[in-house]
Amino acid sequence: MNRKLQVTTILFIVALVVSGCGAPATQPATQPPATQAVTKPVTMDFVIWSYGVETINDNIKNFQNLNPGITITLKDYSWLDYHDTMVGLFAANNPPYLLYGSDHWLNEWAAAGWLAPLDKYCPNVIEYSKEVAPYALQGMTYNGEVYGVSYYADTLDFIYNDALLQKGGFTTAPATLDDVYTQAKELKAKGVNQYPIIMAWSQKEGAFPEAWTSLVFAQQEGGNALFDADLNPVFNTEGSAAFKVMEWLRKVYTEGLLDPASLSMAEIDQVKSMQAGAHTFTIAPQYNMAELNKPASGDFAGKFKIALMPGPSHATVGYVRFYAMTPKVVDAGPDYIAAACKFMDYFGGKTNGDYTVVKRWAVENGLGFAQLPLFDDASVIAAFGKWGDVPTIKKQATLARAKEGLTPWYGSWDIFARAEIQKGILGQQSSLDTLNNMAAKWVELKAAQ
């Protein structure tokens with residue numbers, strides 16, 4: 001072998017050794033480590049619905065102070081327009097980098113490829129998911145991948161006025177639907193309330209079907225209260241949990257225990273009516289407790305309490321709103337992925353071991369959360385303790401379930417179901433006809449996919 005060939009061979013071997021045993025190659029863009037640095041300035045837009053904008057801007061300022069190479073620009077839309085606005089942006093191929101998402105849109109958006117799975121690109125999300133309430137994790141998961149970190153999560157709660165309950169001669173909150181009926185009947189008989197029960201079940205109210213589903217979940221031990229594993233309806237039979245709920249609703253309406261105004265009432269009016277002492281029982285998202293028990297809000301401030309959802313299982317609906325990112329982040333490359341992961345860490349995850357932003361929302365605004373360790377946080381306990389019993393709140397959260405049937409067609413079915421449930425309550429059709437109509441619509445929508 002001549003000298004020139006020897007040198008060439010040695011250089012080639014050295015190159016192989018260096019490439020195989022030297023510093024590891026840069027991580028692929030799809031799996032950046034959580035600590036990956038942002039190597040160049042990154043600007044990303046963040047789209048939200050219009051709530052707490054001033055607080056969000058302050059959180060963005062704090063985040064940017066910690067991450068001077070990252071700039072976040074904020075844009076907000078009304079909650080009422082948010083879904084359709086985002087779908088329009090997706091369809092026009094003009095998505096934001098970062099955005100709010102919701103459990104009832106996830107299947108639609110993820111199936112269309114409009115969102116990117118966070119656990120694929122941000123390894124810390126895997127750890128955060130271990131500390132999230134099961135209903136919330138389910139609400140952020142599609143095809144086995146996690147698409148969000150929780151911004152806000154809440155449960156539908158059974159709320160009662162303890163002062164009025166005691167005026168009716170009761171010292172214990174109802175534990176079953178029979179208890180609610182018995183106590184409501186006594187309250188009416190004693191003149192405590194003309195209508196002891198109120199709901200915000202206008203067909204425009206998003207919490208209407210969630211409250212109805214909560215009653216159904218509470219009557220059944222275990223899942224599949226509405227659909228089986230193959231998404232076939234199982235609720236349209238006599239004796240089902242849904243049938244029991246429809247029969248009960250018809251009874252309390254017919255006997256004048258459920259206020260007829262429930263079927264046209266909005267949530268804000270529901271809260272005001274409860275504060276005025278016009279009713280003893282209701283079902284509403286938990287965040288309303290802070291307003292109900294707000295000092296000087298009325299004669300009954302501090303008298304409202306939460307009981308576990310009446311029924312054998314005490315299960316209820318839990319829902320989650322979350323931070324998400326679009327494939328636009330991934331397409332922009334490793335620096336944008338790293339910046340987005342840092343955003344997720346700060347806003348929905350941990351900073352120095354603490355859920356900084358999530359806890360701020362809880363303490364300052366009374367927003368519910370999915371991160372279970374926060375139930376043991378002293379500042380959260382102090383804040384929530386002003387309007388509710390934290391152990392009961394925590395127990396209801398652990399019993400909560402994600403809505404069943406969260407599919408791309410769920411929203412259309414949800415709207416259809418509202419009208420059918422009202423017809424059943426009013427006696428315009430039987431409970432079984434109501435459920436059969438809902439089941440037939442589900443089958444029709446499913447077949448059209």
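**A disulfide, a helix and a lone aspartate**

Searching the whole structure, which is a predicted model, turns up one disulfide. The partners are Cys122 and Cys341, with their sulfur atoms 2.0 Å apart. The pair ties together distant parts of the chain, 219 residues apart: Cys122 sits in the loop between α5 (118-121) and α6 (124-129), while Cys341 belongs to helix α15. The torsion about the S-S bond comes out at -85°, so to speak a left-handed link between Cys122 and Cys341. Both ends are tucked away, Cys122 being buried and Cys341 too.

Helix α15 spans residues 334-347, and the loop that runs from there to α16 (356-365) holds Gly349. This glycine counts as buried because its relative accessibility is 0%, against a cut-off of under 20%. Leaving aside residues up to four places away in sequence, Gly349 touches Tyr128, Met344, Asp354, Tyr355 and Thr356. Of these contacts, Thr356 brings us to α16, which covers 356-365. As for Asn62, 287 residues from Gly349 along the chain, the two C-alpha atoms are separated by 15 Å.

Next comes α16 itself. Val357, Val358, Lys359, Trp361 and Ala362 are buried in this helix; a lysine is thus listed alongside the valines, the tryptophan and the alanine. The buried residues of α16 pack against quite a mix of elements: the helices α2 (53-66), α15 and α17 (378-384), plus the strands β6 (149-161) and β10 (316-325). Among these partners, α15 is also the helix that carries Cys341 of the disulfide. Just past the end of α16, the backbone at Gly366 adopts a positive phi of about 75°.

Strand β6, one of the elements packed against α16, is also home to Asp157. Here is a charged side chain on its own: Asp157 is buried yet has no salt bridge. The nearest side chain of opposite charge is that of Lys395, 13 Å away. What Asp157 does have is a polar contact of 2.7 Å, side chain to side chain, with Thr155. Not counting residues up to four places away in sequence, the surroundings of Asp157 are made up of contacts with Thr282, Ile283, Ala284, Gln286, Ile306, Met309 and Gln396.

Definitions and conventions
Residues numbered from 1 in each chain as written. Predicted model: local features only at pLDDT ≥ 70, side-chain atom pairs only at ≥ 80, totals over all residues. Heavy atoms only, no water. Helix = DSSP H or I, 4+ residues; strand = E, 2+ residues; numbered from the N terminus. Buried < 20%, exposed > 50% of the residue type's maximum accessible area, 1.4 Å probe, protein only. Contact = heavy atoms within 4.5 Å. Disulfide = S-S within 2.5 Å. Lys, Arg positive; Asp, Glu negative; His and termini not counted. Salt bridge = Lys/Arg side-chain N within 4 Å of Asp/Glu carboxyl O. Polar contact = N/O pair within 3.5 Å; in protein donor to acceptor, adjacent residues only side chain to side chain.
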